Amino acid sequence: MKFLDEAKVFVKSGDGGGGCSSFRREKYIEFGGPNGGDGGRGGDIIVRGAHGLNTLIDFRYAQHFKAKRGDHGRGSDMFGAAAKPLIIKVPVGTVVLDENKEQVIADITEEGQEVILCKGGDGGFGNARYKTSTNRAPRRSDPGWPGEEMWLWLRLKLIADAGLVGMPNAGKSTFLSVVSRAKPKIADYPFTTIHPNLGVVYSRGEEFVIADVPGLIEGASEGHGLGTRFLGHVERCGALLHLVDGTSEDYLNDYKVIRAELEAYGQGLDTKPVVLALNKTDALTEEEAEERRQALAKLSGQDVHLLSGISQDGVKDVLASMLDHILEGREEEIKEAEAEEGPQGYSPI
């Protein structure tokens, strides 16, 4: 299955059914009176977070979604039936944006979460609605109200606890394949990763998800290389693992480039907790690795782990550091949720 993380769709809710203009006619009833029923309501357009979906590939083949209209009213005071809503199933983590990609209409973060995108049109009134003491034979009936329609963008942001960032060929895919059962493409040339990969990791009895995104290069925020298109997949992460290729001749500049691109992208990525690791130390001597670690620590102002995905040296320490940041983030979310709810038994107005 191909990975697709952005799609444009057209949605239209159902029109309301028309009201009926009808009169009661029975043999021994001289003045029957109006009995036209109302039209039914049109179907809503609803987006729902679904289990088992991890890409928007389905929307490459179906871009138009139109709900059915409500049934028309009929005589004998029969109201038209309301149309069923049209439910669009999307992966958890999907953000629904307006046509200009400026306004967030819905953010699907949980399985089963539903948001109404377009409400169906109301049904029109039948002539029985207009009967009064002075107007006993109204012939007025209304058509149904039209439904809403719009173009929308669906953008998938994978929900992961931690994200991998770094230059192309920094060893991100190798690291993911070592710590999880994920099988990303690995080769000795840049940009082997062309779409995000997810892996489930176990550390100290805890489970968390790591997202590997395509490598960044200088000028990514301006669209160079694969650009920052895939950085949206690590926006929701609780922590980032920044891998620096220890065998690179200009490893210090590589670190600066990634930090600059994260700051240029914004969206809170530049303020997330970061675990910094000097990767591919199996190709360096102990003296070279330590010398480069100290230089990188001095430049970054934080602790630097020595890591090798091939020999798996330092993997447990890196995972433990990432887990600490993730658990801290989860605790903060719980505290924020409790603060919003207020004391038990008290509901803020």
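**Exercise 1. Find how many bridges join β9 to strand β11, and in which direction the two run.**

Solution. Three bridges join β9 to β11 (residues 206–212), and the two strands run parallel. Strands here are DSSP E runs of at least two residues, numbered from the N terminus. Two strands pair if DSSP finds at least two bridges between them. Now take one position: A162 has I210 as its bridge partner in β11.

The model is predicted: local features need pLDDT of at least 70, side-chain atom pairs count only at pLDDT 80 or more, and totals for chains, interfaces and linings use all residues. Residues are numbered from 1 along each chain as its sequence is written, and side-chain values use heavy atoms, with hydrogens and water left out.

**Exercise 2. Find how many bridges join β9 to strand β12.**

Solution. Go to β12 (residues 239–245). Five bridges join this strand to β9, again parallel. One position to check is G166, which stands opposite L243.

**Exercise 3. Decide whether the residues of β9 are buried or exposed.**

Solution. Apply the cut-offs: buried is under 20% relative accessible area, exposed over 50%, partly exposed in between (1.4 Å probe, protein chains only). On one side, A162, L164 and G166 are buried. On the other, G163 and V165 are buried too. That is five of the five residues in 162–166, so β9 is largely enclosed by the rest of the structure.

**Exercise 4. Work out which strands stand at the edges of the sheet of β4, β2 and β7.**

Solution. Read the order: β4-β2-β7, an open sheet with mixed pairing. β4 (86–91) and β7 (114–118) each have a single partner strand, so they stand at the edges, and one side of each lacks a neighbour in the sheet. Next, β2 (residues 45–50) and β4 run parallel, joined by six bridges. Within that pair, R48 has K89 as its partner.

Technical notes
Helices (H or I, at least four residues) and strands (E, at least two) are DSSP runs, numbered from the N terminus.
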